There are 2 protein chains.
Amino acid sequence: MEILTTIAQCRDHRLSDRAAGRRVALVPTMGFLHEGHLELVRRAREVADSVWVSIFVNPTQFGPHEDFESYPRELKKDAELLAHEGVDIVFAPTTEEIYPRDPIVQIGFSGLERKLCGTDRPTHFAGVGLVVSQLFNVIQPDRGIFGQKDAQQVLLIRRLANELHFPVEIIVVPTVRESDGLAMSSRNAYLTPQERTAASTIYATVCKARDAIEAGEVCGEAVRRILITGIRSEELLELQYAECVDVETLERTEMISGSVLLAVAVRVGKSRLIDNVTVTPSATAEGTT
Amino acid sequence: MEILTTIAQCRDHRLSDRAAGRRVALVPTMGFLHEGHLELVRRAREVADSVWVSIFVNPTQFGPHEDFESYPRELKKDAELLAHEGVDIVFAPTTEEIYPRDPIVQIGFSGLERKLCGTDRPTHFAGVGLVVSQLFNVIQPDRGIFGQKDAQQVLLIRRLANELHFPVEIIVVPTVRESDGLAMSSRNAYLTPQERTAASTIYATVCKARDAIEAGEVCGEAVRRILITGIRSEELLELQYAECVDVETLERTEMISGSVLLAVAVRVGKSRLIDNVTVTPSATAEGTT
């Protein structure tokens, strides 16, 4: 496994991958890797000959009062984990390599970037769109591997790749969870033991709302109430949002008829945690209502 | 010369160019080609083995009351001109091929897109950024060739390519002019003979302002007055803007010390015409003031 730090090195390596006819998959990460990331890497291995992982804590996706400075960084340990998974290339650039000066180019998503996580993080997805475009252009992967945990990110990156005609196939991997259901996240590391216990309520609540839809609930507001009540039942969780929305438009669903995204964000101690599931009501359940 | 209409065809062709080690240059156009475009093609020929010209009247760079529908289209004649120049590939997609549905992705430039031409055409450069990104991703050229006539476009495309790390070198070709100095433009075709004669005042005025700077004028407002007075001296010309701005920030220059862009836009009959020159005051001129 090689660790590259410059764009020029990436371009050279990409040329040799291409000359050898190797298909490249990229797993973009901000490092401090956990089992969820490794699942992405394993999926990459299945669909490519050369697996690249980028480790870059991207400043443009953090707001001014967020945890950019304190975001955990542990490149040496990350590299060991990735070497063990048989990764071919790690790209770990400095901030200056990606942003030699403050960028003026902005990526927008016609307002979809201000829904859900964008309510509290209004500039987040512009930064994500920017860095994913940059990484696609630097590494030119055939495939990009993303985790379903970041459902809104997945939606926007798919649109970015499709609409800008990036020659990259987007592959989405299901969320990896701890044994009690908590979605894996680098930010779980900030939790105290009590907060960690409380955090398991997040996924339990999302499941309860999903079960209600599968049992025939068609009222979006009723589903949202289940989410809100569930999160509020645990006093260490501070609700940021709890939504039942259309999977494409992210608009609140009044009457559930097609696939919906159940998505929540909570603050727990120093962490902001998110989770989601996509639910497609079964024909049977629809028929019974 | 081959004429391609689909993205899939472009990707296939690009693979064979790459396999053969051919460097590709792209000249993006909206068709209705004139000598200015052909100059871009000749420059492309000098810097690449395979010359691609795209012909696509991009709807997203036109405002709702602009000339998208009436913009002149003459693919057959364009193809003959390009074949004569030894172009390898023409990419002439339908609107639906590039935009299978209304895009949600937006490209912004932190306000630079609302200066100069963006004052009257507030969504123009977002559309330009979008289509250039799309063409770069579809064709994956090694070089992109642009004309200096669209100075603001050149500035923004350079920033787009640099900041998103597109693996494309941007090459800029000087403006090609008619014998009386009028910058070549597809929109010159809309002019009546009287309007055509009046239009020569545009470049004459820009030159007068340039000469003033070269003779030692350092007051940006004085230079702007020369531009405004010159354009207003011709009654068939309706001034849209006349500016003396910093070449990077496009902010109005108060005291000229480095390179400035002199840029004007005028309405003449049905046409909106633009022109510009970049001026770097000589050390001597600076010394004499």
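Here a trainee and a mentor talk through a predicted model with chains A and B.

Trainee: What makes helices H8(B) and H9(B) roughly antiparallel?

Mentor: Their axes cross at roughly 155 degrees. Angles over 145 degrees count as roughly antiparallel. H8(B) and H9(B) therefore earn that label. H8(B) covers residues 193–214 and H9(B) covers residues 220–232. Their axes come within 9 Å. The crossing of H8(B) past H9(B) is right-handed.

Trainee: Which residues make the contact between H8(B) and H9(B)?

Mentor: H8(B) offers B:Thr201, B:Thr205, B:Val206, B:Lys208, B:Ala209, B:Ala212 and B:Ile213. H9(B) offers B:Val223, B:Ile226, B:Leu227, B:Gly230 and B:Ile231. By class there are eight nonpolar, three polar and one charged. Residues in contact have C-beta atoms, placed from the backbone, within 7 Å.

Trainee: Why are S8(B) and S10(B) called edge strands?

Mentor: Start with the order. The open sheet runs S8-S9-S10 in chain B, with antiparallel pairing. S8(B) (238–246) and S10(B) (271–279) each have a single partner strand, so one side of each is left without a neighbour in the sheet. The twist averages 10 degrees from one strand to the next.

Trainee: How do you know that S8(B) and S9(B) pair?

Mentor: Pairing needs at least two bridges. Eight bridges join S8(B) to S9(B), residues 260–268, and the two strands run antiparallel. One example is B:Val245, which stands opposite B:Leu261 in S9(B). H8(B) packs on this sheet and touches S9 and S10 of chain B. The direction of H8(B) makes about 20 degrees with that of S10(B).

Trainee: What makes H8(B) roughly parallel to S10(B) by that angle?

Mentor: Angles under 35 degrees count as roughly parallel. The angle here is about 20 degrees.

Trainee: Now chain A. How many bridges join S9(A) to S10(A)?

Mentor: Nine bridges join S9(A) (260–268) to S10(A) (271–279), and the strands run antiparallel. A:Leu262 stands opposite A:Val277 in S10(A). Two residues lie between the strands of this hairpin, where A:Gly269 takes a positive phi near 55 degrees.

Trainee: What is the strand order of the six-stranded open sheet in chain A?

Mentor: The order is S1-S4-S3-S2-S6-S7, with parallel pairing. S1(A) (2–4) and S7(A) (169–173) stand at the edges. Each has a single partner strand, so one side of each lacks a neighbour in the sheet. Neighbouring strands are turned by 25 degrees against each other on average, direction ignored.

Trainee: How do you know that S2(A) and S6(A) pair?

Mentor: The cut-off is at least two bridges. S2(A) (24–29) and S6(A) (143–147) pair in the parallel sense over two bridges. In S6(A), A:Gly144 is the bridge partner of A:Leu26. H6(A) packs on this sheet, touching S2, S3, S4 and S6 of chain A. Its direction makes about 145 degrees with that of S2(A).

Trainee: What does H1(A) lie across?

Mentor: H1(A) lies across S1, S2, S3 and S4 of chain A. It runs at about 135 degrees to S1(A). That angle falls outside the parallel, perpendicular and antiparallel ranges, and the rest count as oblique.

Trainee: Where are the domains of chain A?

Mentor: The domain assignment gives domain 1 (2–173) and domain 2 (186–288). Their centres, taken over C-alpha atoms, are 26 Å apart. The contact takes 12 residues from domain 1 and 11 residues from domain 2. On the side of domain 1, H5(A) (117–120) and H7(A) each supply at least two residues. H5(A) gives the most, with three residues. By class, that side has seven nonpolar, three polar and two charged residues.

Trainee: How many residues does each chain give to the contact between chains A and B?

Mentor: Each chain gives 22 residues. On the side of chain A, the elements giving two or more residues are H1 (7–19), S5 (106–108), H6 (124–139) and H7 (151–163). H6(A) gives the largest share, four residues. That side has 12 nonpolar, seven polar and three charged residues.

Trainee: What makes S5(A) and S5(B) a strand pair?

Mentor: Again, at least two bridges are needed. Three bridges join S5(A) to S5(B), and these strands run antiparallel. A:Gln106 stands opposite B:Gly108 in S5(B).

Methods
Residues are numbered from 1 along each chain as its sequence is written. Chains are lettered from A and ligands numbered from 1 in the order in which they are written. This is a predicted model: local features need pLDDT of at least 70, side-chain atom pairs count only at pLDDT 80 or more; totals for chains, interfaces and linings use all residues. Axes are lines fitted to C-alpha atoms, for helices over the stretch in contact, and angles run from 0 to 180 degrees between N-to-C directions. Angles under 35 degrees count as roughly parallel, over 145 as roughly antiparallel, 65 to 115 as roughly perpendicular and the rest as oblique. A crossing is left-handed if the near helix is turned anticlockwise from the far one by less than a right angle, and right-handed if clockwise. Two residues are in contact if their C-beta atoms, placed from the backbone, lie within 7 Å. Ala, Val, Leu, Ile, Met, Phe, Trp, Tyr, Cys and Pro count as nonpolar, Asp, Glu, Lys and Arg as charged, and the others, Gly among them, as polar. Domain bounds come from an automatic or database domain assignment.
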